[in-house]
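Biologist: I have the model open and should like to go through its packing with you. Shall we begin with the interior?

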Amino acid sequence: DVQMPKMDGIEATRRMTQEFPGIKIVALTTFSTERVIVPMLSAGASGFLVKDTSPDRILDAARLAHEGGYVLSPRVAKELVASVQQSDARAPRDLTPAEVLSERELEVVSLLAQGMSNAEIGAALFLSEATVKSHLSRITAKWGVRDRIQVLIRAAQLGLVTLS
C-alpha cells in the first residue's frame with residue numbers, strides 16, 4: 001500500500017527491491033494518481049492495482065508479476081496514459097531530478113498551503129509531528145530554501161499549490 005504507518009509503500013518497495021533484487025511487488029492502494037503511480041513503478045513495483053480490484057484479478061496480478069510480467073488496473077493505466085500525453089504541459093521546467101518531491105512530500109506541501117500546522121498536517125496524514133518535520137526538512141534541503149514559508153513560495157512558483 002502507498003500509505004502505511006512508519007514508512008510509505010514507495011520507500012518500502014524501494015528498500016525491498018534493493019535488498020531482494022528478485023522480489024516482485026504489486027501495489028494495492030486507493031491512490032491512482034500519476035504522482036503515486038510513477039514513483040511506485042520507479043521504485044521497482046511490477047504492478048499497480050486499486051483497492052476495488054476483484055480478488056481473482058489480484059491473484060492473477062500476483063501470478064503475472066511472479067512470472068516476470070507487469071499489471072495495471074484499467075483506472076491506473078488510464079491515469080498513466082493521460083499523464084504521459086499531458087506531461088509537457090504539466091511538468092515544472094525548473095526542477096532537477098533531485099528537487100522533485102515524493103507523493104508524501106507533495107501532500108505535506110499541499111496541506112501546508114492550506115495553513116495547517118505541523119500537528120494538523122500530521123493528524124490529516126496519520127503521521128507524527130516529528131515525521132511531518134522530517135518531510136519539511138527534506139523538502140527544504142531538496143529545494144535549497146530556509147524555512148516553511150520559502151517552501152510555500154517555491155511551491156506556488158512551481159504551480160504545485162495555489163495560495164489564496
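Modeller: Certainly. This is a predicted model. Its largest nonpolar core has 20 residues, and the members that touch the most others are Val109, Ile121, Ile139, Trp143 and Val151.

Biologist: Which elements give two or more residues to this core?

Modeller: They are helix H5 (103-113), helix H6 (118-125), helix H7 (129-143) and helix H8 (148-157).

Biologist: And which of them gives the most?

Modeller: H5 does, with five residues.

Biologist: Take Ile139. What is it in contact with, leaving aside neighbours within four places in sequence?

Modeller: On that basis, Ile139 is in contact with Leu101, Glu105, Val109 and Val151. Of these, Val109 and Val151 are also in the group of core residues that touch the most other members.

Biologist: How many residues are in the second, separate core?

Modeller: Eleven; Val2, Ala27, Ala45 and Phe48 are among them.

Biologist: Back to H5 for a moment. Is Arg104 buried or exposed?

Modeller: Arg104, which is found in helix H5, has a relative accessibility of 5% and therefore counts as buried, the cut-off being under 20%.

Biologist: What surrounds Arg104, then, apart from its neighbours within four places in sequence?

Modeller: Arg104 has contacts with Gln3, Asp8, Leu125, Leu127 and His135.

Biologist: Let us change topic to the sheet. In what order do the strands run?

Modeller: The order is E1-E2-E3, in an open sheet of three strands with parallel pairing. Strand E1 (26-29) and strand E3 (71-72) are the edge strands, each pairing on one side only.

Biologist: Over how many bridges do E1 and E2 pair?

Modeller: Four bridges, in the parallel sense, with E2 comprising residues 47-50. Thr29 stands opposite Val50 in E2.

Biologist: Which strands does H2 touch?

Modeller: H2 packs on the sheet and touches E1, E2 and E3. The direction of H2 makes about 145° with that of E2.

Biologist: Which residues of H2 are buried?

Modeller: In helix H2, residues 34-42, the buried residues include Val36, Ile37 and Met40.

Biologist: Why do those three count as being on the same side of H2?

Modeller: Because the arc they cover around the axis is only 95°, they lie on the same side of H2.

Biologist: Finally, what follows H2?

Modeller: Gly44 follows H2, and its phi is positive, near 120°.

Terms used: Residues are numbered from 1 along each chain as its sequence is written. This is a predicted model: local features need pLDDT of at least 70, side-chain atom pairs count only at pLDDT 80 or more; totals for chains, interfaces and linings use all residues. Side-chain values use heavy atoms; hydrogens and water are left out. A nonpolar core is a set of buried Ala, Val, Leu, Ile, Met, Phe, Trp, Tyr and Cys residues joined through side-chain atoms within 4.5 Å. Buried means under 20% relative accessible area, exposed over 50%, partly exposed in between (1.4 Å probe, protein chains only). Contact means heavy atoms within 4.5 Å. The arc is that of the directions from the helix axis to the C-beta atoms. Two strands pair if DSSP finds at least two bridges between them. Axes are lines fitted to C-alpha atoms, for helices over the stretch in contact, and angles run from 0 to 180 degrees between N-to-C directions.
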